[in-house]
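Me: I've got a model open and a few labels I'd like to see justified. Could you take me through them one at a time?

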Amino acid sequence: MNNPFENAMSQLDKAAKIMNLDKNIHEILKQPDRILTVAVPVKMDNGEVKVFTGFRSQFNDALGPYKGGIRYHHNVSLDEVKALSFWMMVKCATVNIPMGGGKGGIIVNSKELSQGELERMSRGYIQKIWRNVGAQIDVPAPDMYTTPTIMGWMQDEFEKLLGHADPGFITGKAIKDGGSEGRETATAQGGVYVVRELAKKLGLKPNETTVAVQGMGNVGGFMAKILASDGYKIVAISDSKGGVYNEAGIDIAKAEQIKKDGGMLGCYCLGTVCSLEQMPKDGPCKHVSNEEILELPVDILVPAALENQITADNAHKIKAKVVVEMANGPTTPEADEILKERGIILVPDVLANAGGVTVSYFEWDQNVKNERWTEADVFAKLEPIMIQAFNEVWETKEKYNITMREGAFVKAIERVASKMKNKLSS
Ligand code: NAD
């Protein structure tokens, strides 16, 4: 697989060429403003000390404090963290929120740690980075294998070291610790606002539009439910064990009940828990694999699970007219080119799933102002941001005759560059 930072930089170069970016600004954007690499010693339950390596990449803060999650994974690498911090800069700038791009991570398989070890490691990471983060400097959040509980430990450790409260230091906290209402559904809700705008542009009518959702987790699950309540026909859904395709449409609540009862989604066709062998493999309602769900004859395909799902191997088999990237990085750069050549419209992750970071920004905003908003307040503020971002990306795509992904990068980098010019000239 390509180096993620090289991928990120080739996207930067492409956007720079389209928009004729100032070459000094381009030069500055080729690396993060600051990278922290820290050793985090943790006293394990057996009394031995183990040292974990952690990173924080602060890519660019022209638009506001660095913003981005902290991931715990054994595959975390500096190049990955740097790339993710660049993409966070692009995402925040695409939806025009006053935040920059950052990302952090620790190389660890957190499932192998006890709760106590996990807490000591999380607090130890903050002890190493605290002088370079804070509500007005760099605002972390959860990412893969980090949770609201972990954010609560980090917030507590940070305030202890600082000597006073700084409630906006970290987002993704539990509601009782200052988290925001609406965060759980924000990413999916933001994606739905984008789909509604796209439907207007393409003349799609919900009740005549079929949708397949790969990954019925937090994002995919809520997305399927909200789209279904808009009248869209959800014909296929999947999770890590595979999925189901029903030409007549899927009742999401019934499918979730089958899962709760211990069945796989493919059992939906039988209406009861069953074995893999018993699931129909043919006919109007059938079991589909996670590869097959991507290639179904639907109008809208929503990858909402993992990265690198649409690749050079399957991009020419995609039958959907539109791909809405709710997962981060589900399409490889090679597949992107194939979809472009085939005229398939792709709504990029930096726009489609930016409802999540937008509500994280709302959490920060509430914390620094000492306010508490209702869920209705949150969505009333989210909707116009997503609608405006969609239309600006669309206009940029039309202006330069480029893809929506290229349009989002150009629009985002225009914003960052314009603010950087003010800084450079002072
Ligand atoms: P999640 O853990 O809640 O759900 C992931 C889902 O994917 C689960 O249903 C799992 O069963 C399924 N899955 C796992 N492997 C699969 C496979 N091979 N094929 C199909 N499905 C598979 O995660 P989530 O929070 O819903 O995040 C999903 C994606 O959205 C990730 O790429 C994440 O980075 C991105 N994202 C999430 C948020 C957010 O607010 N949660 C924000 C922005 C982007």
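Reply: Sure. Before the sheet, one rule: two strands pair if DSSP finds at least two bridges between them. Keep in mind that this is a predicted model.

Me: What makes S7 and S8 a pair?

Reply: Strand S7 (residues 233–239) and strand S8 (residues 242–246) share 4 bridges, in the antiparallel sense. The cut-off is at least two bridges, so S7 and S8 count as paired. One example: alanine 236 has tyrosine 245 in S8 as its bridge partner.

Me: And which strands make up the sheet, in what order?

Reply: There are 7 strands in an open sheet with mixed pairing, running S9-S8-S7-S6-S10-S11-S12. Strand S9 (285–288) and strand S12 (345–347) each have a single partner strand, so they stand at the edges with one side lacking a neighbour in the sheet. From one strand to the next, the twist averages 15 degrees.

Me: How do you know that helix H6 packs on the sheet?

Reply: Contact means heavy atoms within 4.5 Å. Helix H6 (residues 183–202) touches strand S10 (300–303), strand S11 (322–324) and S12, and its direction makes about 155 degrees with that of S12.

Me: On to the rings. Why is the pair of phenylalanine 59 and phenylalanine 86 called edge-to-face?

Reply: The structure holds 7 aromatic pairs, and this is one of them. The ring centres are 5.3 Å apart, against a limit of 6.5 Å. The planes stand at 70 degrees and anything over 60 counts as edge-to-face, so that's the label. Phenylalanine 59 sits in strand S2 (residues 49–60) and phenylalanine 86 in helix H3 (residues 78–94), so the pair ties together parts 27 residues apart in sequence.

Me: Are those two buried or exposed?

Reply: Buried means under 20% relative accessible area. Phenylalanine 59 has 1% and phenylalanine 86 has 0%, so both are buried.

Me: Why is the pair of phenylalanine 362 and tryptophan 373 called tilted?

Reply: Their centres lie 5.5 Å apart, with the planes at 55 degrees. Stacked needs under 30 degrees and edge-to-face over 60; 55 meets neither, so the pair is tilted. Both residues belong to one aromatic cluster with Tyr361 and Trp364.

Me: What makes lysine 381 a charge over a ring?

Reply: Lysine 381 lies over the face of tryptophan 373, 4.3 Å from the ring centre, and the distance limit is within 6 Å. Lysine 397 likewise has its charged end over the ring of tryptophan 394, 4.2 Å from its centre.

Note on methods. Residues numbered from 1 in each chain as written. Predicted model: local features only at pLDDT ≥ 70, side-chain atom pairs only at ≥ 80, totals over all residues. Heavy atoms only, no water. Helix = DSSP H or I, 4+ residues; strand = E, 2+ residues; numbered from the N terminus. Axes fitted to C-alpha atoms, helices over the stretch in contact; angles between N-to-C directions. Phe/Tyr/Trp six-rings, centres within 6.5 Å; stacked < 30°, edge-to-face > 60°. Buried < 20%, exposed > 50% of the residue type's maximum accessible area, 1.4 Å probe, protein only. Lys NZ or Arg CZ within 6 Å of the ring centre and 35° of its normal.
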